[in-house]
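This report examines a ligand site and one helix. The sequence and structure are shown first.

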Amino acid sequence: MNTILETDNITRSFSGDRRTEPTHVLKGISLKVRKGEMLTIVGPSGSGKSTLLQCMSGLDAVTSGSVTIAGTAIGELNLDQTAAFRRNNIAFVFQAYNLLPAFTAFDNVALAMRMSRGSVDRAAVRSALQSVDLADVSDRRPGQLSGGQQQRVAIARALATSPHLLFADEPTGALDTEAGSRVLKLLRDYTVDGKSVVMVTHDLEAAALGDRVLVLRDGQIHGELISPSVSQVLDAVEHARRS
Ligand SMILES: Nc1ncnc2c1ncn2[C@@H]1O[C@H](COP(=O)(O)OP(=O)(O)O)[C@@H](O)[C@H]1O
Ligand SMILES: [Mg+2]
């Protein structure tokens with residue numbers, strides 16, 4: 001089986017209060033992520049990219065439809081099973097980093113490793129932090145790091161647990177060009193041994209690194225591009241905006 005993740009017609013709605021209508025954010029999305037693939041997702045702000053990523057990764061529950069990861073329908077797992085499944089299979093780089101404020105950069109990475117593997121390989125933690133150029137600040141807590149540094153800790157934390165599936169929501173949003181390129185290369189190279197990356201980005205150059213690019217618009221897949229150039233991604237996004 002070449003597919004690591006499949007969504008079947010998923011929807012996600014948020015219920016309003018008595019006076020407001022529910023918001024339908026995802027309106028029936030079917031997609032597949034292949035093993036060893038980098039899939040990137042672009043689309044206008046508010047089109048549902050973050051919601052889609054959270055539903056795909058089991059962080060959020062779908063309203064209807066199903067998400068299957070490595071043969072497991074994750075909607076059928078209870079809370080404990082979902083948490084365990086996520087620990088063993090998935091890492092998520094949050095747009096807002098979500099680091100633990102009381103722990104150093106090193107311990108944020110080490111803790112994630114302990115949760116997913118049961119033990120900590122200190123050399124691997126150091127090497128993950130080194131790969132994002134943070135070796136010299138590994139003993140600082142998030143509050144003592146810049147936004148860009150925190151974002152790189154979040155990326156090191158995800159890479160260090162070595163999941164089959166790595167999700168990243170705007171992983172270069174806080175980074176300068178050089179740090180951004182370095183992170184994108186890490187994510188791109190992460191797929192070499194059959195692991196998969198799903199990345200949401202508004203950076204069209206970053207998106208064009210994907211083996212496949214999905215263009216999201218108003219909660220639906222508006223287009224799909226295979227190994228596109230940057231200008232093809234730009235055209236597709238423009239087309240989504242106009243139509
Ligand atoms: N928990 C929520 N409750 C209500 N509406 C939400 C919630 N999360 C997201 N939305 C709405 O869903 C839409 C898409 O949000 P999001 O997935 O964050 O878009 P994107 O990441 O593409 O900018 C937005 O209109 C947002 O306000
Ligand atoms: Mg978003």
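At the start of α2, which backbone nitrogen does a side-chain oxygen of asparagine 78 reach to? The partner is the backbone nitrogen of aspartate 80, to within 3.1 Å. The model is predicted, with local features needing pLDDT of at least 70 and side-chain atom pairs pLDDT 80 or more, while totals for chains, interfaces and linings use all residues. Residues are numbered from 1 along each chain as written, chains are lettered from A and ligands numbered from 1 in written order, and side-chain values use heavy atoms without hydrogens or water.

Helix α2 spans residues 79-89 (helices are DSSP runs of H or I, at least four residues; strands are E, at least two). Its buried residues (under 20% relative accessible area, 1.4 Å probe, protein chains only) are Thr82, Phe85, Arg86 and Asn89. They lie on the same side of α2 because their arc around the axis is only 100 degrees, taken from the directions to the C-beta atoms. Their cover includes β4 (64-69), β5 (72-73), β6 (90-93) and β7 (165-169), contact being heavy atoms within 4.5 Å.

The shell around ligand 1 (heavy atoms within 4 Å) includes Phe14, Val25, Pro44 and Lys49. Helix α1 (residues 49-56) gives the most to this shell, with three residues. Three shell residues are nonpolar, six polar and one charged, Gly being counted as polar. Backbone polar contacts (N or O pairs within 3.5 Å) to ligand 1 are tabulated below.

| Backbone of | Distance to an oxygen atom of ligand 1 |
|---|---|
| Glycine 46 | 2.7 Å |
| Serine 47 | 3.3 Å |
| Glycine 48 | 3.1 Å |

Taken alone, ligand 1 exposes 570 Å², of which the protein buries 56% (Shrake-Rupley method, 1.4 Å probe).

Definitions and conventions: Polar contact = N/O pair within 3.5 Å; in protein donor to acceptor, adjacent residues only side chain to side chain. Buried < 20%, exposed > 50% of the residue type's maximum accessible area, 1.4 Å probe, protein only.
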